[in-house]
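I set out to record what I looked up in this chain, from its overall dimensions to single residues. The entries are kept short.

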Amino acid sequence: MFEQILPYQQDIASLLSQQLKAEVFPQSVLFSGQRYSGRLTITLETARVLSCSEEGKFGCRCGSCRRFDLYDMSNVVLVGNRDHGTRIAAALSIAKNRPNERSRKLLIRTVRLMLLQYHGALLDARDSKNSGIFESAAVVSEQLSALESAPEQEFASHVDRLESALKPLAVQYRRSTPLSINQVRSLHEWTMQTGLDGQVRCIILEGVEESTEGARNSLLKLLEEPPRHTYIIVLSEHPARLLPTILSRLQRYPIRPLSSDAEARLLADYFDIEKGSGTTLEEFLLMHAQIPCEEIKSSAHQYAESILSGAPLSREALDRIVGELDEPVRLEYFLNQFQTLVRQAFMTGRCARATAAGMLHIASEKAMIGYIFNQNRKLLIESLYYRLQEVI
């Protein structure tokens with residue numbers, strides 16, 4: 001178990017393997033760490049091992065593990081604010097440019113992860129408004145099954161059909177909404193149902209820190225005493241923002257960022273990217289999703305340089321930067337690049353520790369508020385710019 005993760009995340013893979021073999025893995029856990037650190041991959045391997053009928057061995061071909069191989073399992077639900085849109089766009093691009101079995105599997109797994117948020121456990125018969133979305137998800141699932149068995153010569157046409165089937169869901173999966181109280185209630189009802197032949201149920205929750213108060217309170221009740229054979233795994237980039245009452249009910253597993261060597265190895269192993277290219281996993285996926293990383297990097301540098309040097313940007317320059325950030329993923333990448341530049345300024349002695357800490361805090365706070373309240377991106381970047389000038 002965890003053999004495919006061990007080369008990239010040795011510490012957490014070894015620890016989880018030991019606990020699962022000893023059957024001491026807790027029912028309610030928190031996997032915390034940065035994006036692109038492998039949090040979800042580790043979570044899904046944990047769910048596979050827990051669900052396996054053959055002790056979770058690597059390469060197992062039991063019925064459950066075969067379903068996990070292409071993420072076609074029914075005992076896992078994923079709810080949260082994951083940016084499925086960028087990952088699906090990247091997987092589609094890779095499948096078109098590199099049509100092979102590896103890209104086929106990547107595409108199928110990427111889309112099926114998105115479909116986990118349309119699990120039957122979350123379909124409320126009383127909610128007719130969303131029934132059409134679940135029907136669209138079913139159509140996508142049918143296309144995935146066709147792609148899975150399509151002969152090589154028909155691969156491209158099946159990818160095109162899948163892309164068309166995904167369009168009705170595009171707005172939804174671009175940015176899933178935070179956990180709601182109705183979803184928590186539906187999940188609790190699901191855990192109490194029979195019909196999975198004693199198989200474990202795994203609930204994966206992302207972005208709990210951004211959910212409503214009602215959802216968090218309802219989740220507390222589920223975490224206090226999870227039903228038998230039910231595992232709840234919370235994923236978070238910002239665990240400090242979780243309520244203390246929720247944190248106290250979770251066993252914490254910090255996941256470190258991938259080292260540069262591990263990231264280079266992963267890109268070489270899975271995407272045939274030559275080591276030493278300097279490309280990160282994030283940039284590789286964003287570029288395949290048609291996100292202009294280099295342009296956004298340049299804008300972030302200009303933005304940061306203006307603040308650090310005290311040389312104000314012209315109205316035209318600020319408008320140009322804002323104009324590039326017309327999608328949430330672009331804004332997130334911009335802010336991440338800006339924060340990296342601030343850290344570098346501190347490390348090189350260009351600004352004091354207190355100044356750098358203040359800038360990072362303000363940028364992080366602004367980003368969180370902007371996301372929660374769906375703030376206009378132009379106003380967010382402009383107000384952040386003027387607020388940061390006060391710190392300097």
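The entries below move from the whole chain to its cysteines and then to selected residues.

**Entry 1: the model and its overall form**

I note at the outset that this is a predicted model. I looked up the secondary structure and found 18 helices and 5 strands in the chain. I then asked what radius of gyration the chain has, and how that agrees with a compact globule. The chain has 22 Å, and a compact globule of 392 residues would have a value near 21 Å, so the two agree. Along the principal axes, the C-alpha atoms fill a box of roughly 65 × 55 × 45 Å.

**Entry 2: burial, contacts and surface**

I looked up how much of the chain is buried, and the figure is 50% of the 392 residues. For contacts with a separation of 6 or more, I found that 74% join residues 24 or more positions apart. The exposed area of the chain is about 19300 Å². Carbon and sulfur atoms supply 49% of that area.

**Entry 3: charges**

I counted the charged side chains and recorded 45 positive and 47 negative ones. The centres of these two sets lie 3 Å apart.

**Entry 4: cysteines**

How many disulfides does the chain have? The count comes to 0. I therefore looked at Cys62, whose closest cysteine sulfur is in Cys65, at 3.6 Å. A disulfide requires the two sulfur atoms to be within 2.5 Å, so the sulfur of Cys62 is too far from that of Cys65 for a bond. I also checked accessibility. Cys62 is buried, because its relative accessible area is 9% and the limit for burial is under 20%. Cys293 is likewise counted as buried, at 2% relative accessibility.

**Entry 5: Leu44 and Tyr71**

I located Leu44 in helix H2, which spans residues 39-51. Is Leu44 buried or exposed? Leu44 is buried, with a relative accessible area of 3%. Leaving out residues up to four places away in sequence, I listed its contacts as Phe68, Tyr71, Met73, Leu113 and Ile204. I also looked up the separation of Leu44 and Gln337, which are 293 residues apart in sequence and 29 Å apart in space, C-alpha to C-alpha.

One of the residues touched by Leu44 is Tyr71, so I followed that residue next. Tyr71 lies in the loop between helix H3 (63-69) and strand E2 (76-79). Tyr71 is buried too, with a relative accessible area of 9%. Its phi is near 55°, a positive value in a residue other than glycine. I noted this because most residues other than glycine have a negative phi.

**Entry 6: Phe2**

I recorded a second positive phi in a residue other than glycine at Phe2, where the angle is near 65°. Phe2 sits in the segment before H1. Its relative accessible area is 1%, so Phe2 counts as buried.

**Entry 7: Gln18 and Glu23**

I placed Gln18 in helix H1. At 54% relative accessibility, Gln18 counts as exposed. I looked up its separation from Gln34, which is 16 residues away along the chain, and found 24 Å between the C-alpha atoms.

Glu23 lies in the loop between helix H1 (10-21) and strand E1 (28-32). Glu23 is exposed as well, because its relative accessibility of 73% is over the 50% limit. From Glu23 to Leu106 I recorded 83 residues in sequence and 31 Å in space, C-alpha to C-alpha.

**Entry 8: Leu313**

Where is Leu313 placed? Leu313 is in the loop between helix H14 (293-309) and helix H15 (315-324). With a relative accessible area of 16%, Leu313 is buried. Leaving aside neighbours within four places in sequence, I found Leu313 in contact with Gln302, Tyr303, Ser306, Leu318, Ile321 and Tyr385. For one of these contacts, Tyr303, I looked up the C-alpha distance to Leu313. The value is 7.6 Å, for two residues 10 apart along the chain.

Note on methods: Residues numbered from 1 in each chain as written. Predicted model: local features only at pLDDT ≥ 70, side-chain atom pairs only at ≥ 80, totals over all residues. Heavy atoms only, no water. Helix = DSSP H or I, 4+ residues; strand = E, 2+ residues; numbered from the N terminus. Rg over C-alpha atoms; globule rule 2.2 N^0.38 Å. Buried < 20%, exposed > 50% of the residue type's maximum accessible area, 1.4 Å probe, protein only. Contact = heavy atoms within 4.5 Å. Areas by Shrake-Rupley, 256 points an atom, 1.4 Å probe, with all protein chains shown as cover. Lys, Arg positive; Asp, Glu negative; His and termini not counted. Charge placed at Lys NZ, Arg CZ, Asp CG, Glu CD.
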